[in-house]
Amino acid sequence: MSILTDTMVATSCRSDSNESPVVIGLVGTLGAGKTRFCQELARSLNIASDEVTSPTFTLLRSYEVPRFGGTGLESPEREPNRPRRWHHLDLYRVRDEDELWEIGIEELWDERGAWTVMEWADRFADQMPSETVWIEIRLSTRGECEAREILVHCQHPEHAIWWERVTTEMKLAKNP
């Protein structure tokens with residue numbers, strides 16, 4: 001997952017997105033790796049990943065993203081669209097739409113330069129913004145090995161282009 005999250009952050013830093021907010025809906029069964037994905041994303045953003053736990057009872061944890069968010073780029077000019085803030089939510093214990101809105105979710109979704117990642121986002125799929133990047137983590141068994149399969153879906157054109165760049169960079173890194 002680290003290659004994926006590193007590439008997501010680096011590609012975003014080099015994009016022309018003009019600090020557009022990124023909303024990620026994480027989907028997967030219990031134990032599939034949603035929180036692990038969040039820990040890897042935190043590490044990629046240069047946030048101490050050992051501080052990242054599933055905010056099941058607090059519902060929301062927000063982090064300031066340090067300069068040079070783990071991308072390896074040398075100067076602020078080279079990463080003008082670096083995420084500035086990261087919001088991590090766990091919607092598993094959110095009872096209903098009213099409680100979702102009470103969190104102030106719309107403000108998080110609209111915050112320039114912020115990435116909002118929500119575990120169990122599929123519980124409120126109808127309320128999610130159309131710009132949501134959906135990441136589904138599936139566990140599968142191949143022989144005696146357990147593997148994770150990551151599926152991504154996004155309808156918003158800007159995020160679809162971003163995701164295409166992420167996958168292209170990952171392929172290039174794998175096959176130089």
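I count two residues as in contact when they have heavy atoms within 4.5 Å. With that settled, I looked up tyrosine 92: setting aside neighbours within four places in sequence, its contacts are Trp120 and Arg123. This is a predicted model, so I read everything below as computed.

**Entry 1: around tyrosine 92**

I placed tyrosine 92 in the loop between β3 and α3. Its relative accessibility is 41%, so I logged tyrosine 92 as partly exposed. I also checked tyrosine 92 against methionine 118: they sit 26 residues apart in sequence, and their C-alpha atoms are 9.6 Å apart in space.

Then I followed the contact to tryptophan 120, which is in the loop between β4 and β5. Is tryptophan 120 buried or exposed? I found 15% relative accessibility, and because the cut-off for buried is under 20%, tryptophan 120 counts as buried. Its backbone caught my eye too: tryptophan 120 has a positive phi of about 60 degrees and is not a glycine.

**Entry 2: the other positive phi**

I keep in mind that most residues other than glycine have a negative phi. Asparagine 46 goes the other way, with a positive phi of about 70 degrees, and it is not a glycine. Where is asparagine 46? I found it in the loop between α2 and β2, the latter being residues 60–64. Asparagine 46 comes just after α2. With a relative accessible area of 42%, asparagine 46 is partly exposed.

**Entry 3: the whole chain**

I stepped back for an overview. The protein has five helices and six strands. Reading from the N terminus, I get the order α-β-α-β-β-α-α-β-β-β-α. Of the 176 residues, 45% are buried. I looked at contacts with a separation of 6 or more, and 68% of them are between residues 24 or more positions apart. The accessible surface comes to about 9400 Å², and carbon and sulfur atoms hold 47% of that.

**Entry 4: helix α2 and its cover**

Which residues of helix α2 (34–44) are buried? My list reads Lys34, Phe37, Cys38, Glu40, Leu41, Ala42 and Ser44. I asked what covers these buried residues, and the cover includes helix α1 (2–13) along with strands β1 (22–27), β3 (85–90), β4 (114–119) and β5 (133–142).

**Entry 5: salt bridges**

Side chains of opposite charge can pair when their charged atoms come close. How many salt bridges does the structure hold? I get seven.

I began with aspartate 6 and arginine 43, whose closest N and O atoms are 2.8 Å apart. This pair links distant parts of the chain, with aspartate 6 in helix α1 and arginine 43 in helix α2, 37 residues apart. I have aspartate 6 as partly exposed at 29% relative accessibility, and arginine 43 as partly exposed at 32%.

Arginine 43 also bridges to glutamate 40, with the closest N and O atoms 3.0 Å apart. Arginine 43 and glutamate 40 are three residues apart in helix α2, so about one helical turn separates them. Glutamate 40 counts as buried at 9% relative accessibility, whereas its partner arginine 43 is partly exposed.

Next I checked glutamate 64 and arginine 85, whose side chains form a salt bridge at 2.3 Å, N to O. This pair too links distant parts of the chain: glutamate 64 is in strand β2 and arginine 85 in strand β3, 21 residues apart. Glutamate 64 is exposed at 54% relative accessibility, and arginine 85 is partly exposed at 23%.

Which residues do shared partners join into one network? I wrote down Asp6, Arg36, Glu40 and Arg43, connected through salt bridges that share partners.

**Entry 6: a negative patch**

Last, I went over the surface charges. Asp96, Glu97, Asp98, Glu102 and Asp126 form a negative surface patch. I picked glutamate 97 for a closer look and found it in helix α3, residues 97–102. At 38% relative accessibility, glutamate 97 is partly exposed. Patch members need over 30% relative accessible area, so at 38% glutamate 97 clears that cut-off.

Note on methods
Residues numbered from 1 in each chain as written. Predicted model: local features only at pLDDT ≥ 70, side-chain atom pairs only at ≥ 80, totals over all residues. Heavy atoms only, no water. Patch = residues over 30% accessible without salt bridge, like charges linked within 9 Å, V, L, I, M, F, W, Y side chains within 5 Å. Areas by Shrake-Rupley, 256 points an atom, 1.4 Å probe, with all protein chains shown as cover. Salt bridge = Lys/Arg side-chain N within 4 Å of Asp/Glu carboxyl O. Lys, Arg positive; Asp, Glu negative; His and termini not counted. Charge placed at Lys NZ, Arg CZ, Asp CG, Glu CD. Helix = DSSP H or I, 4+ residues; strand = E, 2+ residues; numbered from the N terminus. Buried < 20%, exposed > 50% of the residue type's maximum accessible area, 1.4 Å probe, protein only.
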